[in-house]
Amino acid sequence: MKFSYDVLGEQALDRLNEISPPPRSALPRNSNKYAEAKPASDNGKQVDNPDSTPKRDLYILLRDHAHHDETLGKLWREVNTVPTWVDWEQIARGQEVFYRYGGPALTGLCFQSLLGGMGANRVVETLARTGGFSTKVARHRLFETTQHILQCTQSLQSIQPGGDGFASSIRVRLLHAAVRQRIMKLAQQRPEYYNVEKWGIPINDLDCIATIGTFSATLVWLAFPRQGIWLRSQEIVDYIALFRYIGYLTGTPTDYFETPEKARTVMESLLMYEIDPTETSKTLANNIIRSLEAQPPQYASRAMLEANSRWLNGNELCDALGLGRPGVYYWALVAGQCLFFMAICYTYRSIPYLDRRKIAVSVAPRNPPFHPPLTISQALRKIFWAVIVDGKYGLQHETTFDFKYIPDMHKITHLEEPAPSGLKQPGIERRNLQALLLGCGFLSISAVIGYRIVSGLAKHFAYAVL
């Protein structure tokens, strides 16, 4: 599968490029048609007049030309044809799983799915050639990926044909085709730039299966349990089904996610045969850590980030990735974080009334005639979106996945210095310490009470026997 890929996606991209040509020597992202304003650059300067250099939206181009172009119509019909195995009620329940365990889910996606995934030696060769994992942009790219997940889980309508999550999945599919074409073109010009025989076609079927697996199976059977969270069997089935459908939209072979058992088998096979860190793996993993170090809104220290990584990935992989070894104090803070997540998640899911309300919310219309009080699920949706997409320290605006990280003959990501520190507040480490102290206090009190109860019963039993 290293040499098979989404052919239809590439064919559709070729047609879109003919209809609305991309800028010269760039990924197909800008156009005078189907546009939105171009934001300012990172240094605050406007690169171009947003009115004169707008950006094209490949999804809108596809939608508007699908009915009178054979190739575009084929892709459009494919993605709008809902597979027979899709059960919308199950998809909605799968979306709820993400928010029921929101904190540990985002932690697992960041430190295990993304950072731990840098141990995949083939995949990192593609990532390194986009330049998207330098310390200056890795955090931004992480937020872009998270936006896609949030859009796919925002509501049932969002993931259905025509919704925001549906549209973003198609954009990601076309973006993958664009990156693949770009790297292959450069490899044809200079074979040493990218070793196709060794690493396979960029963003091939195996890579796409691995990506869906890291968002689903890896979370279910590795990241959650290592944070003290065990999903119920129905939750696992529903969550895997959700990402199977997302994989379908992004052009990923879906038979491998037909059942949880198949998904777990694929995950274990990939971990065994694909994880073999290289120097490139070390570079990207450390750049991710450095891009997150002391940055708002969590203000986590490097040692705290490395402790999270080691807790979720294990020392063997993290040593191979060249991550530092934090002290016992930071391991204790991660333990406190896990206690915090366990208390929140298990308490909430143990209340059937709130659980039922959450499922009902996921299939409710976007604009109901009345506005009932927010459930925790609704609140998390708003909070995650506000922090990651709209917030001052997030993306600040919704991306349309016109990624600016363009593969170039002279662009290979190198190890860089940390991004400028924003550490001005105690941040997440204080919360984790408080959770650890509360957890230890609770266990101590429980142990004392338990000891007294057992002692009392033992004395009562002894008197009764005598």
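# A tour from Ile-91 outward

Select Ile-91 to begin: with a relative accessible area of 1%, Ile-91 is buried (buried means under 20% relative accessible area, exposed over 50%, partly exposed in between, with a 1.4 Å probe and protein chains only). You are looking at a predicted model, where local features need pLDDT of at least 70 and side-chain atom pairs count only at pLDDT 80 or more, while totals for chains, interfaces and linings use all residues. Residues are numbered from 1 along each chain as its sequence is written, and side-chain values use heavy atoms, with hydrogens and water left out.

**Stop 1: around Ile-91.** Ile-91 sits in helix H4, residues 88-100 (helices are DSSP runs of H or I with at least four residues, strands are runs of E with at least two, and both are numbered from the N terminus). Now show its contacts, meaning heavy atoms within 4.5 Å. Leaving out residues up to four places away in sequence, Ile-91 touches Val-86, Leu-156, Ile-159, Ala-241, Leu-242 and Tyr-245. Try a distance label too: Gln-160 is 69 residues from Ile-91 in sequence, yet their C-alpha atoms are 9.8 Å apart.

**Stop 2: the cores.** Next, select Phe-98, Ile-159, Ile-170, Trp-221, Leu-231, Tyr-245 and Leu-249, the residues with the most contacts inside the largest nonpolar core, which has 68 residues. A nonpolar core here is a set of buried Ala, Val, Leu, Ile, Met, Phe, Trp, Tyr and Cys residues joined through side-chain atoms within 4.5 Å. Colour helix H13 (residues 233-249) as well, since no element gives more to this core than its 9 residues. Zoom in on Leu-249: not counting residues up to four places away in sequence, Leu-249 touches Val-79, Ile-159, Phe-166, Ser-169, Ile-170 and Arg-173. A second, separate core has 27 residues, among them Leu-114, Leu-142, Met-304 and Leu-333.

**Stop 3: helix H2.** Select residues 58-65, where the buried residues are Leu-58, Tyr-59, Leu-61, Leu-62 and His-65. They lie on the same side of H2 because they cover an arc of only 165 degrees around the axis, taken from the directions from the helix axis to the C-beta atoms. Their cover includes helix H1 (7-19), strand E2 (55-56), helix H3 (70-80) and helix H9 (164-189).

Show H3 beside H2: the two axes come within 9 Å and cross at roughly 105 degrees. Axes are lines fitted to C-alpha atoms, for helices over the stretch in contact, and angles run from 0 to 180 degrees between N-to-C directions. H2 and H3 are therefore roughly perpendicular (65 to 115 degrees; under 35 is roughly parallel, over 145 roughly antiparallel and the rest oblique). Here Tyr-59, Leu-62, Arg-63 and His-65 of H2 meet Leu-72, Leu-75 and Trp-76 of H3.

Now swap H3 for H9, which packs against H2 at about 100 degrees with the axes 8 Å apart. H2 is thus roughly perpendicular to H9. Leu-58, Tyr-59 and Leu-62 of H2 make the contact with Phe-166, Ala-167, Ile-170, Arg-171 and Leu-174 of H9.

**Stop 4: Gln-112.** Finish in helix H5 (residues 102-114), which holds Gln-112. Gln-112 is buried, at a relative accessible area of 6%. Draw a line from the side chain of Gln-112 to the backbone oxygen of Leu-312, and you should read 2.6 Å.

Terms used. Polar contact = N/O pair within 3.5 Å; in protein donor to acceptor, adjacent residues only side chain to side chain.
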